[in-house]
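Colleague: Please choose one part of this model and describe it closely for a reader who is new to it. I should also like to learn how that part relates to the rest of the chain.

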Amino acid sequence: MYEPHSHRSQRSGRTNLASCIVATVFLLFLVVVIVIVYFFVFKPKDPKIAVEAVQFPTFSIQNGTVNFTFFQFVSVTNPNRDEFTHYDSSLQLAYSGQPVGFVFIPAGKIEAGRTQHMSAKFNVQKFPVASKATTTAAAANGMSTPWVGDGVGVGVGVGVGPTMEIETRMKLVGRVRVLKVFTHRVESGMRCGVVIQVSSGSVLGFHC
């Protein structure tokens, strides 16, 4: 049976419109799925640092100055689905608002989903121990701990109390690969206060 050309054109137009709508809906669905997968599966996450032990193998105070060997043991977990490469990382110490120690952490890699144990040990020599009055005044003035230093401290070394507190901060900076193609910069840090018994150098506790 003969069908007018105008009717065929209208049906063809409706078919093309329906195809475009289906294709658009499919693309939108695909974009939503990709976004969900990225944010819940492949989105880069910062590594997790846990301080497991802090020790002072040697510790002494003489004439108002302190010398000690510092040791810290931590675990670093990479929660990503690809390896984490870290670089430009450091461990720093501060006392009474002043820097007293600094060490770089060697570059390395942590495989996806793995936990790596790290340790750092170095000597800190002859920095003055702040008196109770100096420490109290610094706290009252809201002094913050600087995070860069060359191992030299400044303070007053009289009237030392039975305990003292050293502040530590570990920083990890690196990158994570996403889908084996893209790289993303991540950074994680851990800041702790370590309470030391002055008479023996024993660690009474630490809080992070």
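**A loop residue and its surroundings**

Modeller: Ser 199 counts as exposed, with a relative accessibility of 68%. The scale behind that word calls a residue buried under 20% relative accessible area, exposed over 50% and partly exposed in between, with a 1.4 Å probe and protein chains only. The model is a predicted one, in which local features need pLDDT of at least 70 and side-chain atom pairs count only at pLDDT 80 or more, while totals for chains, interfaces and linings use all residues. Residues are numbered from 1 along each chain as its sequence is written, and side-chain values use heavy atoms, with hydrogens and water left out.

Ser 199 sits in the loop between β8 and β9. Such labels come from DSSP runs numbered from the N terminus, where helices are H or I of at least four residues and strands are E of at least two. On this basis the protein has two helices and nine strands, and their order along the sequence is α-β-β-β-β-β-β-α-β-β-β.

Although 140 residues separate Ser 199 from Phe 59 in sequence, their C-alpha atoms are 8.9 Å apart in space. For the protein as a whole, residues 24 or more positions apart account for 69% of the contacts with a separation of 6 or more, a contact being heavy atoms within 4.5 Å.

Phe 59 leads from the loop to the aromatic rings. In contrast to exposed Ser 199, Phe 59 is buried, at 16% relative accessibility. Buried residues make up 33% of the 208 residues in the protein. Eight aromatic pairs are present in the structure. Rings of Phe, Tyr and Trp (its six-membered ring) pair if their centres lie within 6.5 Å; planes under 30 degrees apart count as stacked, over 60 as edge-to-face and the rest as tilted.

One of these pairs joins Phe 56 and Phe 70 in an edge-to-face arrangement, 5.6 Å centre to centre with 65 degrees between the planes. That pair connects distant parts of the chain, as Phe 56 lies in strand β1 (residues 48-62) and Phe 70 in strand β2, 14 residues apart. Both partners are buried: Phe 56 has a relative accessible area of 8%, and Phe 70 stands at 0% relative accessibility. Phe 59 itself is stacked with Phe 68, at 6.1 Å centre to centre and 15 degrees between the planes. Phe 68 is buried as well, with a relative accessible area of 2%. Ring pairs connect these four residues with Tyr 95, Phe 122 and Phe 127 into a cluster of Phe 56, Phe 59, Phe 68, Phe 70, Tyr 95, Phe 122 and Phe 127.

The chain on either side of the loop also deserves attention. One disulfide is counted, under the rule that two cysteine sulfur atoms lie within 2.5 Å. A disulfide is a covalent bond between the sulfur atoms of two cysteines. Here Cys 192 is joined to Cys 208, with an S to S distance of 1.9 Å. The torsion about this S-S bond is about 105 degrees, so the disulfide is right-handed. Because Cys 192 belongs to strand β8 (residues 182-197) and Cys 208 to the segment after β9 (203-207), the bond ties together parts that are 16 residues apart in sequence. Its two ends contrast in exposure: Cys 192 is buried at 3% relative accessibility, whereas Cys 208 is exposed at 53%.

Two residues elsewhere have a notable backbone angle. Most residues other than glycine have a negative phi, and most peptide bonds are trans. Asn 63, which is not a glycine, has a positive phi near 55 degrees; this residue lies in the loop between β1 and β2 and is exposed at 81% relative accessibility. Lys 126, also not a glycine, has a positive phi of about 50 degrees. Lys 126 is part of strand β6 and is exposed, at 65% relative accessibility.

In short, the chosen residue is an exposed one in the loop between β8 and β9. In space, the C-alpha atom of Ser 199 is 8.9 Å from that of Phe 59, and Phe 59 belongs to the ring cluster.
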